[in-house]
Amino acid sequence: MDEVFDVVVVGAGFAGITAARDLTAEGKSVLVLEGRDRIGGRTYTDDAIGRPVELGGTYVHWTQPHLWREMQRHGLALATPLPIERVHFLSEGTLHSRTEAEAEALATAGMEQLVADAREHFPDPYDIYATDIGDIDLETFADRMKRLDVSPLERDLIDGVLSYTVVDPDQQAVSQLLVWTALNFGNVHALWESGALWRIATGTKSLIEAMADESTADIRLSTPVSAIEDEGSEVLVTTRSGDKIRAKAAIVTVPVNALNTIEFTPSLREPSQRLIDEGHPMRNRKMWVRVKGEIESFIAYAPLGENPITFAVAEYRVDGDTLIVCFCPDSAAIDSNDKDAVQKALRTFVPDIEVVETACHDWVDDEYSQGTWMMMRPGQLTSAIPDIQKPHGRIHFASGDIAPAFAGWIEGALQSGALTARSVSQAIAPGAPLA
C-alpha cells in the first residue's frame, strides 16, 4: 500500500528543513525525501583540509532576519573574519597591490555607479513587485558595465570583485544585484559585509542539524524523487526506487537547475517550465586551498578571462599554514585536484605561494544541484520567478533560488521555506479551497 502523509517535502536543504520543521510544529505529518546521503543541500560543512570549512553556501549576517533568528534561537555564534593585510588585483596583465582601504576607495565610485538606482527600482525589496520594474530586468551586467564612467584600472578591479557572483555578464540580469543592494540600504559596503565576510563559527551544518532536530518529520536520505503527480484531491510522489507516497500537498525545494530531474504531471505552467528549461548560468567552482606557512593575509581579484581563479581570500590559520578560499567562474577551467595548476593560478597574485592540499565539491557535476547559487537570466525575475512562487495545484515550490527577497542566499532559503510552509498549511486546512 502507498504511504500517506499530510505533506511530502522534496529536498533537505535549508528551505526543505525549514518547511518540514514549521509544518510538524503545527502537528502535520511530514516526509522529507533527500537524494543525497546528508541534509544541507548546497551548504556542506566538511573537515577537508585540517579544519571544518564550507564547501558550499557560507556567509551570514545579523541583517538577515530569518537567519539571525535561527542563529539566536540555537545559540550559534559568528566567526571573526581574518583581518586582510593586502589586496592584489590584475589589470591588463599587470599585478597591482594596495592596502584594503586603498583598494576599497578605488572600487567604490564605480560600484556605487553600478547600483545607484537600486532603491529607485526596489524601494521595498521585500515586495519587489510593488513597483513597475519595467525593462530593468532585461538589462545584463555586460550592458551596465559598458556605461560605467571609470578608468581601465577601476573597471578591472570592479570586474574582479563581481566575479565572485557574475560569471557570464551577457547572461546574467543586473536586477538581482539591485535587489540585494536595496536589501542592504542601497549601500555597497553593507552589501559586501553581509554577503562575503561573516560565517557561522560551528559551520552551516550546526544550524541545519539543530533545525532538523526540532522537527518530527521522517527524513529519508539517499531517496531521490523521479515524479510528482497532482491527482486533484492529493499528490502522488514516486521515488527512483519505485516507492509511492501520497500526500495532501508536496513542497519541492530542489534547486532550479536540478528540477529537470523530476517529471511533473500535469505539466507546469509555461513560465515555470521555461525557468526549468533555461536554468541559471552559475556553473562556477568554489575551492579551498591550504598553503604552506602563515602568509600575509590577502584578497585577490582578476577580471574574467585573465586567470582561472578570479577571487581568492585568506580565511583561516591552521597549524602554521593558511587556508584560502577561491572562486573560479568556469568550473571546467581548472581541476581542483591538480595542485600544480592551482598553485600556478595563485602565484599570479602571490609569486612564492606553495600549495599543500586542496578541497572542493563539484556542484556543477552534482546531479542534485547542477550549479551553484542562483543568479537570474534577463527576464526571469519578472516572469518565471513570480509564477513558480505560486502553487501549481497541490504542488508548491520553495528554495533559495526563488526566494521573494534574498534569492541566492541561505537567508532566502529560510524565508522561502517558511512562507511556503505557511501557504501549504492554509491550503490543506479542512474546508480550504484548492488554489
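In this predicted model, the axes of helix α2 (residues 65–73) and helix α13 (410–427) come within 7 Å and cross at roughly 90°. That crossing makes α2 roughly perpendicular to α13, since angles of 65 to 115 degrees fall in that class. On the α2 side, the residues that meet the partner helix are P65, H66, L67 and E70. Their counterparts in α13 are I410, E411, L414 and Q415. Sorted by class, this contact has four nonpolar, two polar and two charged residues.

Helix α13 turns up again around a pocket. The second largest pocket holds about 200 Å³ of space, and α13 gives the largest share of its lining, with five residues. Strand β19 (395–397) is also involved: β19 and α13 each supply at least two residues of the lining. The lining residues are Q389, K390, P391, H396, F397, I402, P404, S416, L419, T420, R422 and S423. By class, they come out as five nonpolar, five polar and two charged.

Next comes a sheet. Seven strands make up an open sheet with mixed pairing, in the order β7-β6-β15-β16-β17-β14-β18. The edges are taken by β7 (94–98) and β18 (355–360); each has a single partner strand, so one side of each is left without a neighbour in the sheet. From one strand to the next, the twist averages 20°. Inside this sheet, β6 (residues 86–91) and β15 (residues 298–301) run in the parallel sense and pair over four bridges. One of the residues in this pairing is R86, whose bridge partner in β15 is F298.

Helices pack on the sheet as well. Helix α11 (residues 339–347) touches β14 (285–291), β16, β17 (321–328) and β18, and the direction of α11 makes about 105° with that of β18. Helix α6, for its part, lies across β6, β7, β15 and β16 (311–318). Relative to β6, α6 runs at about 110°.

Besides lying across those strands, α6 (residues 152–162) packs with another helix, α3 (residues 100–114). The axes of α3 and α6 are 9 Å apart, and the angle between the two helices is about 80°. The pair is therefore roughly perpendicular. From α3, the residues in the contact are A103, L106, A107, G110, M111 and L114, and these meet L153, E154, L157, I158 and L162 of α6. Nine of the residues in this contact are nonpolar, while one is polar and one is charged.

A further group of strands centres on β10. Strands β10 (residues 225–230) and β11 (residues 235–239) pair in the antiparallel sense, over five bridges. Within this pairing, A227 has T238 of β11 as its bridge partner. The two strands form a hairpin with four residues between them, and in the turn G232 has a positive phi of about 100°. Strand β10 also pairs with β13 (residues 263–265), here in the parallel sense and over three bridges. In that pairing, I228 stands opposite F264 of β13. Strand β10 thus takes part in an antiparallel pairing with β11 and a parallel one with β13.

Note on methods. Residues numbered from 1 in each chain as written. Predicted model: local features only at pLDDT ≥ 70, side-chain atom pairs only at ≥ 80, totals over all residues. Heavy atoms only, no water. Axes fitted to C-alpha atoms, helices over the stretch in contact; angles between N-to-C directions. Parallel < 35°, antiparallel > 145°, perpendicular 65-115°, else oblique. Contact = heavy atoms within 4.5 Å. Nonpolar A, V, L, I, M, F, W, Y, C, P; charged D, E, K, R; others polar. Pairing = 2+ DSSP bridges. 1 Å grid on protein atoms, 1.4 Å probe; cavity = no way out; pocket = protein on both sides within 12 Å on 5 of 7 lines; lining within 4 Å. Points joined across faces, edges and corners; volume = space filled by probe spheres on them.
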